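Please examine the sequence and the structure shown below. The exchange that follows takes up the terms applied to it and the grounds for each.

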Amino acid sequence: MDQAFKRRLIVAMADAIIAHAEELTELDSAIGDGDHGLNMKRGFEAVLADADTISVKPLPDALKAVGMALVMKVGGASGPLYGTLAMGLGKALPVEPTAANAAAALGRAIEDVKARGKSEAGQKTMLDVLIPVQVAFAAGGDDLATRLPAIAAEAADATVPMKAIRGRASFLGERSIGHMDPGARSSSLLVQAICSVFNEA
Amino acid sequence: MGEQKNVGIVIVSHSAKVAEGAADMVRQMVGDSVPLAAVGGNADGGLGTDVGAIMGAIDKAWSESGVAILVDLGGAETNSEMAVEMMPEERRERIVICNAPLVEGAVMAATEASGGSPLDAVRATAEELMAN
C-alpha cells in the first residue's frame, strides 16, 4: 500500500467524521452525554494534521499512530475504543495485506475492542456494526467495497430498537430504545469512507 | 519530595472542578501525607478525560508503594485503563483502578493510605463502599 493511498484513507475517514460531527453529537445527545461528534472530530483532526507523517509509515505502524492519536485526543471512551481498534489492526496486519489478512486482522482487533469496552454484540455499541461487517468481509466474494457499506448502514439502523447495556446510554435503560447508537453510526461512516477509497482505486 | 512510602491517590473526573473539589476534601482529611493528583476535563478543557493528563497525574502521585485511581463515569474508567497500560511495565502492576464512588472512595482510600497500608488494603477500603 503506497503513501498516497494511505493518505487518501486518512483524509476520507477524517472528512466523513468531521462532516457528520453534528449528526453524531445529536445522536449522542439523545441517549448519552452529547460529546461523540465533537470528540471524534477532535481525534480525527489530530490524525489529519499528522496525515503526511503517518502515511509514510508502513501500514502496521501507520495504524498504530492513528490509534495513538485517537487515544490521546478524543477525550471520551470512544478514544480508547477506536484507538484500540486501530492499534489492534496495526498489530495484526502485515505490511502488504491481502483481503483475507485484513478480514482476519479486523476480527482480532474487534476482540481487543470487546475487551477494552467489556462489551459484546447486541448491547447497542460500535460492535453491532463492526461484527457483521467483519463477518461479511471474511466470507469474501465480489464487490466487497460496495456491499460492506450497505451492511454497515443496515447494522447501524438495527441498533435503533436495541436497549443499551454499556456506556452512558445504559443509564437510560428502556429509554435508550428508539435511537441509533452514535458509536454504531460513526463505525458505519468509517466503513463507508474506507470502502469509498477502495472503490475509487 | 524524597522517598515516598504511602500509596498515592489519583482522582479522575470528567470535570476539572469535581476533581479539584474531591482533592480538596482529601487534603482536608490527610494533609500532605499522601501523594495526590487530580485531573478532569478533555484536551480542550471541556468535560471529558484525557489519557495524557491521567498519565501525568499517575507520575505526579507516584509512590513505590503504588497508586490507587478513583474515577467517575465510564470514559474516565476506560481512559484510565488505557493510561495504565501505557505506563512503563514495571509500574503497571502497582497501579489499581478502584471500583468505588469518586469522592467517598478518594477520601476513604487516602485515609487508609495515610496510615501506611499497602495498595491492596487501600483499594479494598475504597471498594467496601460499593459492597454496602
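Q: What makes both faces of β1(B) count as covered?
A: The structure is a predicted model, in which local features need pLDDT of at least 70, side-chain atom pairs count only at pLDDT 80 or more, and totals for chains, interfaces and linings use all residues. Residues are numbered from 1 along each chain as its sequence is written, while chains are lettered from A and ligands numbered from 1 in the order in which they are written. A residue is buried if 20 or more other C-beta atoms, placed from the backbone, lie within 10 Å of its own, exposed if 12 or fewer, and partly exposed in between. On one side of β1(B), B:G8, B:V10 and B:V12 are buried, and on the other B:I9, B:I11 and B:S13 are buried. Six of the six residues of β1(B) are thus buried.

Q: What are the helices and strands of chain B, and in which order do they run?
A: Helices (H or I, at least four residues) and strands (E, at least two) are DSSP runs, numbered from the N terminus. Chain B has six helices and four strands. Read from the N terminus, their order is β-α-β-α-β-α-α-β-α-α.

Q: How do you know which strands of the sheet in chain B are the edge strands?
A: Two strands pair if DSSP finds at least two bridges between them. The open sheet of four strands in chain B has the order β2-β1-β3-β4, with parallel pairing. In chain B, β2 (36-40) and β4 (95-98) each pair on one side only, and these are the edge strands. From one strand to the next, the twist averages 20°.

Q: How many bridges join β1(B) to β3(B) and to β2(B)?
A: Five bridges join β1(B) to β3(B), and five join β1(B) to β2(B). In the first pair, B:V10 stands opposite B:I69; in the second, B:S13 stands opposite B:G40. The chain passes from β1(B) through α1(B) to β2(B) in a right-handed β-α-β crossover. The term right-handed applies if, with the strands pointing away from the viewer, the path from the first strand over the helix to the second runs clockwise.

Q: What is known of the pairing between β3(B) and β4(B)?
A: Strand β3(B), residues 67-71, pairs with β4(B) in the parallel sense over four bridges. Here B:I69 stands opposite B:I97.

Q: Which strands does helix α5(B) lie across, and at what angle does the helix run to β1(B)?
A: Helix α5(B), residues 102-114, lies across β1, β2, β3 and β4 of chain B and runs at about 175° to β1(B). Axes are lines fitted to C-alpha atoms, for helices over the stretch in contact, and angles run from 0 to 180 degrees between N-to-C directions.

Q: Why does the radius of gyration of chain B agree with that of a compact globule?
A: The radius of gyration is taken over C-alpha atoms, and the globule rule is 2.2 Å times the number of residues to the power 0.38. For 132 residues the expected value is near 14 Å, and chain B has 13 Å, which therefore agrees. The C-alpha atoms fill a box of roughly 35 × 35 × 30 Å along the principal axes. Buried residues make up 52% of chain B.

Q: How many residues of chain B are in contact with chain A?
A: Two residues are in contact if their C-beta atoms, placed from the backbone, lie within 7 Å. By this test, 14 residues of chain B are in contact with 14 residues of chain A. Helix α3(B) gives the most to this side of chain B, with five residues.

Q: Why is A:A109 called buried or exposed?
A: A:A109 has 24 C-beta neighbours inside 10 Å and therefore counts as buried. The residue lies in helix α7 of chain A, residues 99-117. Beyond its neighbours within four places in sequence, A:A109 is in contact with A:L85, A:G88, A:L89 and A:A92.

Q: Why is A:K118 called buried or exposed?
A: A:K118 has 12 C-beta neighbours inside 10 Å and so counts as exposed. This residue is found in the loop between α7 and α8 (127-139) of chain A. Its phi is near 45°, a positive value in a residue other than glycine.
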